[in-house]
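Here are my notes on this model, point by point. Please read them with the structure open.

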Amino acid sequence: MFEIIGLAAAGAASVGGFAGTRRFVRDRLRYVDAAHSGKAPWIAGVIATLIAMPVVALLPFVGAGTAIVFGIAVGYGVHKGTRDTRGRRGEVAVI
C-alpha cells in the first residue's frame, strides 16, 4: 500500500515538474539566450534534484528516487520548452 503512495507521489512530482518547467521556459524565458543553451537542461535538472532532496528526506513514503525522477523531469521540461520556442522567437501576429 505504501509503495503505491510513493509511486503516485513520484509520478505527480515528475508530471508537475515537467509541465510547469516546459510552460515556464516557453512563455517566460523565450528571449533569454542562456535558457536555450545546451547546458541549461542539465543545470536545471541537477539544481531541481538538489532542492528536492531535503524535501524528500522529510516525507515518509518517498525516497531519493523521487527527487532524481523530479530532476530528470525538470531537465526534460527545459529541453522541450526550448524546442517549443525555436521557431516562435521572431513571430509577428498577422491579422
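1. Start with Val15. This residue is exposed, with a relative accessible area of 56%. The cut-off for that label is over 50%, so Val15 qualifies. Val15 sits in helix H1. Compare its position with that of Ala35: the two are 20 residues apart in sequence. In space, their C-alpha atoms lie 21 Å apart. Keep in mind throughout that this is a predicted model.

2. Next, Ala9. Helix H1 holds this residue too. Its relative accessibility is 32%, so Ala9 counts as partly exposed. Now look across to Phe61. How far apart are Ala9 and Phe61 in space, C-alpha to C-alpha? The distance is 8.4 Å, although 52 residues separate the pair in sequence.

3. Phe61 also belongs to a nonpolar patch on the surface. Its other members are Met1, Phe2 and Ile5. Together the four residues offer about 440 Å² of accessible area. Ile5 lies in helix H1, which runs over residues 2-27. Ile5 itself is partly exposed, at 36% relative accessible area. Patch members need over 30%, and Ile5 has 36%.

4. Turn to the charged side chains. How many salt bridges are there? The count comes to 3. One of them pairs Arg22 with Asp84, and the closest N and O atoms are 2.7 Å apart. Arg22 is in helix H1 and Asp84 in helix H3, so this pair ties together parts that are 62 residues apart in sequence. Is Arg22 buried or partly exposed? Arg22 counts as partly exposed, at 24% relative accessibility. Asp84 is partly exposed as well, with a relative accessible area of 22%. Buried would mean under 20%.

5. Asp84 has another partner. It forms a salt bridge with Arg26, where the closest N and O atoms are 3.5 Å apart. Here too the link runs between helices: Asp84 is in helix H3 and Arg26 in helix H1, so the pair ties together parts 58 residues apart in sequence. Arg26 is partly exposed, with a relative accessible area of 22%.

6. Arg26 also meets Asp27 in a salt bridge, at 3.6 Å from N to O. The limit for a salt bridge is 4 Å. Asp27 is partly exposed, at 41% relative accessibility. Which residues end up in one network? Salt bridges with shared partners join Arg22, Arg26, Asp27 and Asp84. On the model, trace it from Arg22 to Asp84, then from Asp84 to Arg26, and finally from Arg26 to Asp27.

7. Last, the largest pocket. About 180 Å³ of space lies in it. Which elements give two or more residues to its lining? They are helix H2 (40-58) and helix H3 (64-85). The lining residues are Pro41, Trp42, Gly45, Val46, Thr49, Gly71, Ile72, Gly75, Tyr76 and His79. By class, the lining has 5 nonpolar and 5 polar residues. Charged residues are absent from the lining. When reading that split, note that Gly counts as polar. Gly45, Gly71 and Gly75 are among the lining residues.

Terms used. Residues numbered from 1 in each chain as written. Predicted model: local features only at pLDDT ≥ 70, side-chain atom pairs only at ≥ 80, totals over all residues. Heavy atoms only, no water. Patch = residues over 30% accessible without salt bridge, like charges linked within 9 Å, V, L, I, M, F, W, Y side chains within 5 Å. Areas by Shrake-Rupley, 256 points an atom, 1.4 Å probe, with all protein chains shown as cover. Helix = DSSP H or I, 4+ residues; strand = E, 2+ residues; numbered from the N terminus. Buried < 20%, exposed > 50% of the residue type's maximum accessible area, 1.4 Å probe, protein only. 1 Å grid on protein atoms, 1.4 Å probe; cavity = no way out; pocket = protein on both sides within 12 Å on 5 of 7 lines; lining within 4 Å. Points joined across faces, edges and corners; volume = space filled by probe spheres on them.
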